[in-house]
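Here is a short briefing on one protein chain. Keep the structure open as you read, and find each residue as it comes up.

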Amino acid sequence: MQEQTGTPLTHEDPTGEHPARPHTGRRRRAALVWVVALATLAADQATKLWALHTLTPGVSKPLIGDLIGLRLVRNAGAAFSSLDTATIVVTLVALLIVAGLLYYVHTRALSRVSALCLGLIAGGALGNLIDRAAREPGFLRGHVVDFIDYFGWFVGNVADIAIVVAALVLVAVSWRSERSDG
């Protein structure tokens with residue numbers, strides 16, 4: 001029965017879920033996360049295979065002057081080659097992050113932007129985890145394939161781009177939301 005004349009007969013909550021189907025919106029967003037994650041993972045692994053078959057290790061090829069280039073390197077550590085003597089620790093932390101994302105995605109109502117960003121982060125993390133699990137020098141100690149050289153300062157890959165872009169968007173959305181709330 002309607003509470004007031006002119007109000008809708010059904011109620012949809014802010015997460016986009018319908019009362020008769022309380023988990024439909026949540027399932028759609030979780031599915032979106034994993035579709036984006038798999039697409040990111042595929043792009044990351046395909047570009048790494050391309051780099052391994054096309055580029056000569058350590059040899060720079062400029063793309064945009066001195067700004068962006070291609071240079072194949074193997075990264076044992078984390079961002080900016082930090083923690084390169086703690087590859088197993090970096091790998092285990094990445095595994096925990098992916099597990100936490102999996103739990104979070106399936107227990108929370110997500111906005112479309114959050115779902116897209118979490119998909120990019122999950123796909124990027126999985127892309128680098130595959131390198132750590134399957135590449136030389138061995139299981140959980142493998143080196144990540146990096147090939148996009150930024151200004152000669154650091155070298156990254158598609159997974160890194162996905163993670164950084166998603167993190168920046170999440171920060172911007174959060175900042176914007178806080179500004180509009182208060």
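Start with Arg71, which counts as partly exposed because its relative accessibility is 21%; the cut-off for buried is under 20%. The model is predicted. Arg71 is one half of a salt bridge, and salt bridges come up again below.

**Arg71 and its partner**

- Arg71 forms a salt bridge with Asp149, and their closest N and O atoms are 2.9 Å apart.
- Arg71 sits in strand S2 (residues 68–75) and Asp149 in strand S3, so the bridge ties together parts that are 78 residues apart in sequence.
- Asp149 has a relative accessible area of 8%, so Asp149 is buried.

**The salt-bridge network**

- The structure has 4 salt bridges.
- Asp44, Lys48, Asp131 and Arg135 are linked in a network of salt bridges.
- Within it, the side chains of Asp44 and Lys48 meet at 2.9 Å, N to O.
- Both Asp44 and Lys48 lie in helix H1, 4 residues apart, which is about one turn of the helix.
- Lys48 also meets Asp131 in a salt bridge, at 2.8 Å, N to O.
- This second pair links distant parts of the chain: Lys48 is in helix H1, Asp131 is in helix H3, and they are 83 residues apart.
- Are Lys48 and Asp131 buried or exposed? Both are buried.
- Lys48 has a relative accessible area of 0%, so Lys48 falls in the buried class.

**A closer look at Asp44**

- Helix H1 spans residues 24–54, and Asp44 is part of it.
- Asp44 is at 0% relative accessibility, so Asp44 counts as buried.
- Which residues does Asp44 touch, beyond those up to four places away in sequence? They are Gly127, Asn128, Asn157, Val158 and Ala159.

**Nonpolar cores**

- In soluble globular proteins, nonpolar side chains tend to be buried together.
- Here the largest nonpolar core has 12 residues, including Ala30, Val33, Leu101, Leu118 and Ala166.
- H1, helix H2 (87–107) and helix H3 (112–134) each supply at least two residues of this core.
- H3 gives the largest share, with 5 residues.
- Ala166, one of the core residues, is in contact with Cys117, Leu120 and Ile121, leaving aside neighbours within four places in sequence.
- Another core lies apart from this one; it has 8 residues, among them Ala51, Leu55, Leu72 and Val145.

**Aromatic pairs**

- How many aromatic pairs does the whole structure hold? A search finds 3.
- In one pair, the rings of Tyr150 and Phe154 have their centres 4.9 Å apart and their planes at 25°, so the pair is stacked.
- Tyr150 is buried because its relative accessible area is 16%.
- Phe154 is at 29% relative accessibility, so Phe154 counts as partly exposed.
- Phe151 and Trp153 form a tilted pair, 5.0 Å centre to centre, with 45° between the planes.

**A nonpolar patch on the surface**

- Phe151 and Trp153 also appear in a nonpolar surface patch of about 590 Å², along with Leu63, Ile64 and Leu67.
- Phe151 lies in the loop between strand S3 (144–150) and strand S4 (154–156).
- Phe151 counts as partly exposed because its relative accessibility is 40%.
- Trp153 is exposed, with a relative accessible area of 69%.

Definitions and conventions
Residues numbered from 1 in each chain as written. Predicted model: local features only at pLDDT ≥ 70, side-chain atom pairs only at ≥ 80, totals over all residues. Heavy atoms only, no water. Buried < 20%, exposed > 50% of the residue type's maximum accessible area, 1.4 Å probe, protein only. Contact = heavy atoms within 4.5 Å. Core = buried A, V, L, I, M, F, W, Y, C linked by side-chain atoms within 4.5 Å. Phe/Tyr/Trp six-rings, centres within 6.5 Å; stacked < 30°, edge-to-face > 60°. Patch = residues over 30% accessible without salt bridge, like charges linked within 9 Å, V, L, I, M, F, W, Y side chains within 5 Å. Areas by Shrake-Rupley, 256 points an atom, 1.4 Å probe, with all protein chains shown as cover.
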